[in-house]
Structures are given as C-alpha cells and as structure tokens.
Amino acid sequence: MACCKKCNREVPEESIYCMWCGNKLENDPRKGRKGNGLGCAVKRGSTWTARVTIGWKIAEDGHRVQIRKTKGGFKTRKDAMDYLHSLEIAPDKRKAQSLQQIWERWKAQKEPYIDSVTMAGYKAAYKHYSKLAAIPVDKITVNMLQECIDASGRGRRTRELMKTTMTQLLEYAVDDNQIEKNVARKINLRDDDKKSRPPITESELALIEQAFDSEYYAKYVYALCYLGFRPTEFFSLTKGSYHFENGIHYLVAGIKTEAGKNRPVTIPPKVLPIIEERLAFDASDYLFPRRGKDQTFTHMQESYFRERVFKPLMSRLGIEGRVPYSARHTYANKIKNVRGADRDKASLIGHADYSTTQRHYQSTDLSDKKNITDQL
C-alpha cells in the first residue's frame, strides 16, 4: 500500500488519485512513459516490465495486432524504462518467409471475402512468379519481379493484374514485419506492353462453324465472337442471365467497368440456336461450362479455356495468332460495319462512349440494340 501525502491515508500502489481526498499521487504509473511506439513500463504484481512494439502482424481473424518485445522482473519503474533502449535495438531474429508462404497466408485470409472470379485472376497472375516462390520475401527485388512481368508474354491487362497481385502480397508482408518496403510498387508497365490481338476473320469463323460436330468447344468460340463479352464475362453467364422480353432475346452480364456492368446484350440470330441449346442443357446452370473427363460440368476459368481449350482448338483448325480476346475484336468489327447509333454500339460492347470503342475496338434501347445485332 502507498500513503497519500495530503491526508496520510493508505491507498493501493497502482492508484493515480487518493480515494479519500482526491489528491493526485506522486506514484502515477503513467509517469515515465515514452511516446507512442517508443515503449513503456507496466507494473505486473510486485515488479515492473519493459515493453516496446516492434511491428505488426495479421491475426487469424484478419485484424492487425502488435508484435511486442518485453522484459520483466525489474524492481523499479526507472529500471524498466532504462532497459527499453536495449529492447528497441535488439535485432528481430525471425527468419523471413518465402514468397510462397506469404502467398498461402494471404490467400487463406482473403479467399473467404473475394468472389471466385477475382480470386481466379489472382491465382493465374501469381503463377507467373513461380520461379520466385522459394525465395525469402525480403530478398526479392523489383528487378526480379520485372523479369517475371516481361517474361510472361501476356497483354497489358494481365500484366496489370500481375502487378496488383504482387503489390497486395508484399503489402501483406510489410504489415507482417517481414519487409520494410513494398518494391512491387516500382514495377514498370510500359506502353509497348500492349499486345496486338487480331480479330478472328470471317473465313476463320467459317472453319469454326464447320467444326461444330467434331469439336465440342467450337460453339463456345463461335458464340464468343457474336456476343462481344470479355472471356471472363462470357464464362460467368448462367441460365439466369438469359431474358426474353417483347420478342427480344438478350443476356445480361458484364463485370469490368461501370459502363459494362450488368449490361443487356441482344442475341444475334446467328447464335440464338446455340443459346437455346445451352438453356436446355440440364447438367449445369452455367451456359458455357467446362466439361470434365467424368462428364461433370463446372465453371470454366479463363486461364483453363485459353491454355487447354482455345489454343489446342485453333491449332487443330489451322488458325494461328489468335487469343480468346480476339473474339471481342471480331465482335467490335462486326458492329462497326452495320447501321446503328454510336451510343448503342458502345453500350453493347460495354464502353462509356463510342470513342473508346473506336480507339481500342471499334440512353440505349433494347430494340435499337436488336436492330444492330440482327445485322451481324
């Protein structure tokens, strides 16, 4: 027990004010504390403990929590405060984790809160960093990351996703006190990173149509060319995406931009039989699912379609130099060459205005859109 110098009554040692007269006591435990981040001394039982925060980590519930170093057993507050400097300069001997370990921890934390399409994009982007997986995260340099970006052979959109993915991973490592700075922010995406995506030509479309009976996925590629959706949007289409209103068949989808989100796209007569066939297919709610070896049907990932479906199919048909996104350029060329208002064409392809369509590809009404797509 301590004694109040004003009223001479006993008070508990941890008291700041006298419970009898209200006098502020000299043994205020807050005295001697350093500023935020510089440590403090706290009393535990009959001894004092020096404590300093050296970093932060992400707990299992997703919250940031302090990483602290402590030393207890000091008889006085002054002894504990004097020891703080030793705690501050003592090296953190924890070994930095590998990039793969950081990825697994980040993925486990984020996956429950990120939609499956977005997470699939992150996973596909991370695969391009596979040669860095075993390297401690504090040894990874911006030059290593840049080499992976440049060697990916992908277009600018994929490279942007690669940078976004790595930036998030290294930010997680910063928060976990694994590294001091996020070098991924210095990755360079040059203007010449944008690759040419030539459209699928009319003669190539004829070859694809001729393969309907022999190639299961030929109808997928054909429909992709006549609907104009981005591949990710196309494979997110479900039976619930289809609508029939006032004699007009249309699909609602789109995820990338505000102008493209949940946009109605009228179905051209050329591919309406394909859509009706897919609507009658009972094995999957997705209109264009992935077919498994055991005849199960699941969601088609864009990366799987590109590498395991599209490229082999095009090779067998003798069509070279095309990527799935070429189908969107085919669609843009088609709507460019038919009659219709510019605003309707921009809305069909999911751009805010037609100047974007003209540069990169080529209040709307469904009937106006139908007039355009009926000409395709």
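## A walk through the helices

Helix α6 goes past helix α7 in a left-handed crossing. Bear in mind that this is a predicted model. Now for the details of that pair. Helix α6 covers residues 202–210 and helix α7 covers residues 218–227, and the two pack at an angle of about 145 degrees. Their axes lie 8 Å apart. On the α6 side, the residues that take part are L205, I208 and E209. Their partners in α7 are A218, V221, Y222, C225 and Y226. Sort the residues of this contact by type and you get seven nonpolar, no polar and one charged.

Both of these helices turn up again when we look at helix α10, residues 302–316. The cover over the buried residues of α10 includes α6 and α7, along with α8 (231–235) and β9 (290–291). And which residues of α10 are buried? They are Y304, F305, R306, V309, F310, L313 and M314.

How well does the length of α10 fit its 15 residues? At 1.5 Å a residue, a span of 21 Å should result, and the end C-alpha atoms are 20 Å apart, so the two agree. Still, α10 has a bend of about 30 degrees at F310. A proline, P312, follows within four residues of that bend. Once α10 is over, G318 comes just after, with a positive phi of about 75 degrees.

Next come two more helices, α11 and α12. Helix α11, residues 326–336, is mostly covered, since nine of its 11 residues are buried. Those buried residues are S326, A327, R328, H329, T330, Y331, A332, K334 and I335.

Helix α12 runs over residues 342–349, and because six of its eight residues are buried, the rest of the structure largely encloses it. The buried ones in α12 are D344, K345, A346, S347, L348 and I349. Following α12 is G350, which has a positive phi near 90 degrees.

Let's zoom in on single residues, beginning with two from helix α5. T167 is found in this helix, which covers residues 156–175. A173 lies in α5 too. For a third example, we leave the helices: D61 sits in the loop between β4 (47–58) and β5 (64–74). Here is how accessible each one is.

| Residue | Relative accessible area | Class |
|---|---|---|
| T167 | 15% | buried |
| A173 | 0% | buried |
| D61 | 52% | exposed |

Why does T167 count as buried? Its relative accessibility is 15%, and buried means under 20%, so T167 falls in that class. With neighbours up to four places away in sequence left out, T167 touches N182, A184 and R185.

Which residues does A173 meet? Setting aside its neighbours within four places in sequence, A173 is in contact with I102, V137, Q178 and I179. There is also a spacing to look at here: A173 and W103 are 70 residues apart along the chain, and their C-alpha atoms are separated by 9.5 Å.

D61, out in its loop, counts as exposed because its relative accessible area is 52% and the exposed class is over 50%. What separates the C-alpha atoms of D61 and Q109? The distance is 8.2 Å, and these two residues are 48 residues apart along the chain.

Terms used
Residues are numbered from 1 along each chain as its sequence is written. This is a predicted model: local features need pLDDT of at least 70, side-chain atom pairs count only at pLDDT 80 or more; totals for chains, interfaces and linings use all residues. Side-chain values use heavy atoms; hydrogens and water are left out. Axes are lines fitted to C-alpha atoms, for helices over the stretch in contact, and angles run from 0 to 180 degrees between N-to-C directions. A crossing is left-handed if the near helix is turned anticlockwise from the far one by less than a right angle, and right-handed if clockwise. Contact means heavy atoms within 4.5 Å. Ala, Val, Leu, Ile, Met, Phe, Trp, Tyr, Cys and Pro count as nonpolar, Asp, Glu, Lys and Arg as charged, and the others, Gly among them, as polar. Buried means under 20% relative accessible area, exposed over 50%, partly exposed in between (1.4 Å probe, protein chains only). The expected span of a helix is 1.5 Å times one less than its number of residues. The bend at a residue is the angle between axes fitted to the seven residues ending there and the seven starting there.
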